[in-house]
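Trainee: Could you walk me through this model, starting with its open spaces? I'd like to know where each answer comes from.

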Amino acid sequence: MTTVAAYAASAAKAPLERTTIERRAVREFDVLIDIKFAGICHSDIHQAREGWGEAIFPMVPGHEIAGVVSEVGPGVTKFQVGDRVGVGCLVDSCRECDNCKAGLEQHCTGGGSVGTYNAIGKDGEPTYGGYSEKVVVDENFVVRVPEGLALDEAAPLLCAGITTYSPLKQWGAGPGKKVAVIGLGGLGHMGVKIAHALGAEVTVLSQSLRKKDDGLKLGADHYYATSDPKTFEELAGTFDLIVSTVSAPLDFGAYLSLLKTGGALVNVGAPEEPVALNLFSLIGGNKTLAGSAIGGIAETQEMLDFCAAHKIGAEIELIGASEINEAYERVLASDVRYRFVIDTATI
Ligand SMILES: [Zn+2]
Ligand SMILES: [Zn+2]
């Protein structure tokens with residue numbers, strides 16, 4: 001066991017404070033990672049405040065982890081000391097079910113995947129996330145951060161990047177395709193960058209035009225305010241694919257009307273309450289309303305390689321650990337462009 005410093009919430013809604021946690025001794029297939037940077041994902045806040053149901057405290061959030069390997073177990077073949085690596089939302093799964101074998105570890109049906117934090121590992125111990133100095137992870141759940149991708153800008157790719165890359169790939173974003181991204185936050189800004197790099201014609205659908213200049217700089221070709229009813233008239237039947245990154249309740253019927261025949265609206269954000277939908281908005285035009293959850297480990301590596309090849313990192317605001325609580329408030333107020341990343345040397 002190794003004692004490491006971390007920032008933890010001791011109870012729901014308690015502010016995060018500096019503490020120490022124990023990391024397990026490195027086992028045969030484990031990698032010890034010196035964490036350099038950890039992104040702040042909106043879901044960290046939901047979980048630390050027990051907004052998604054029962055949570056495990058103390059909680060060390062953080063599933064956007066980038067660092068450097070400092071020790072490997074004797075059975076490790078994929079990584080060496082000194083390698084630049086990342087860890088996303090998962091640190092384990094059964095590895096034997098059909099989904100795990102198909103590279104969909106996030107949908108493991110053999111007991112479920114193990115979250116990077118706020119979960120119980122196979123050893124019966126709670127998992128602790130990236131707001132800490134070090135983490136021990138099985139090599140099969142560690143990905144390589146390619147040279148050319150700065151570790152601080154890479155950290156948010158481990159959740160925000162893969163969450164948008166996976167549906168864009170799966171639903172065919174590419175040359176000749178018109179893709180819309182709803183919301184220009186932590187997820188949305190990555191969706192715009194990746195869709196643009198895939199070669200699609202990209203439109204941002206945002207509540208207001210407040211971030212229009214940013215959106216165009218990030219790679220969007222068009223930018224519309226959804227608070228303006230004319231937007232829905234003008235863009236009716238336009239898109240092959242819409243990816244919604246927002247968790248506010250939307251008028252899904254209105255957004256489905258923006259799809260071409262055969263188009264798809266994929267949700268990666270979700271409102272807390274059920275939504276009402278007139279199914280004629282799907283039937284007319286053979287449309288699809290779909291969901292997507294992060295991505296598997298191999299696809300996460302593919303995403304990092306893609307981002308490195310296209311020189312795509314997240315737009316970040318680097319903060320010290322003492323600023324985490326303030327950063328949470330700013331995330332809730334949508335006052336971040338576009339991801340807070342903790343410099344873990346300040347823990
Ligand atoms: Zn996340
Ligand atoms: Zn499985």
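## Pockets, metal and core

Trainee: What gives the most residues to the lining of the second largest pocket?

Mentor: This is a predicted model, with local features needing pLDDT of at least 70 and side-chain atom pairs pLDDT 80 or more, while totals for chains, interfaces and linings use all residues. Residues are numbered from 1 along each chain as written, chains are lettered from A and ligands numbered from 1 in the order written, and side-chain values use heavy atoms, without hydrogens or water. Four strands (DSSP E runs of at least two residues; helices are H or I runs of at least four), namely β1 (2–9), β2 (16–23), β6 (90–92) and β8 (134–138), each supply at least two lining residues. With 7 residues, the top contributor is β2.

Trainee: How much space lies in the second largest pocket?

Mentor: A pocket is an open set of points on a 1 Å grid over the protein atoms alone, with protein on both sides within 12 Å along at least five of seven lines, and lining residues have an atom within 4 Å of a point. Here 34 residues line the pocket, and R24, D123, E125, P126 and T127 are the closest to its centre. The lining divides into 14 nonpolar, 6 polar and 14 charged residues. The space in this pocket is about 670 Å³.

Trainee: And what volume does the largest cavity have?

Mentor: In a cavity a 1.4 Å probe fits but cannot get out, and the structure holds 1 cavity of 30 Å³ or more. Among the residues lining the largest cavity are G88, C89, F141, L158 and I294, and by class the lining has 8 nonpolar, 3 polar and no charged residues. Its volume is about 100 Å³.

Trainee: Which residues are the protein donors of the zinc ion (ligand 1)?

Mentor: Donors are N, O and S atoms within 2.8 Å of the metal (3.2 Å for Na, K and Ca), and sites may look incomplete because water is not among the atoms. In sequence the donor residues are spaced C-x21-H-x95-C. Two of them link distant parts of the chain: 118 residues separate C41, between β3 (30–39) and α1 (42–48), from C159, between α3 (151–154) and α4 (160–170). Lying 2.0 to 2.2 Å from the zinc ion, the donors are C41 (SG), H63 (NE2) and C159 (SG).

Trainee: Is C159 buried or exposed, and with what relative accessible area?

Mentor: Buried means under 20% relative accessible area, exposed over 50% and partly exposed in between (1.4 Å probe, protein chains only). C41 is buried at 8%. C159 is also buried, with a relative accessible area of 6%.

Trainee: Which helix supplies the largest share of the largest nonpolar core?

Mentor: Such a core joins buried Ala, Val, Leu, Ile, Met, Phe, Trp, Tyr and Cys residues through side-chain atoms within 4.5 Å. This one has 67 residues, and V142, L149, L157, L168, V192 and L241 touch the most other members. The largest share, 6 residues, comes from helix α10 (residues 297–309), so the name you want is α10.

Trainee: What is phi of K311?

Mentor: Most residues other than glycine have a negative phi. K311 lies in the loop between α10 and β16 (316–319) and is exposed, with a relative accessible area of 72%. Its phi is positive, near 55 degrees.

Trainee: Which residue does a cis peptide bond join to R337?

Mentor: Omega of this bond is about -5 degrees. The partner lies in the loop between α11 (324–332) and β17 (339–343). That partner is Y338.

Conventions: Points joined across faces, edges and corners; volume = space filled by probe spheres on them. Nonpolar A, V, L, I, M, F, W, Y, C, P; charged D, E, K, R; others polar.
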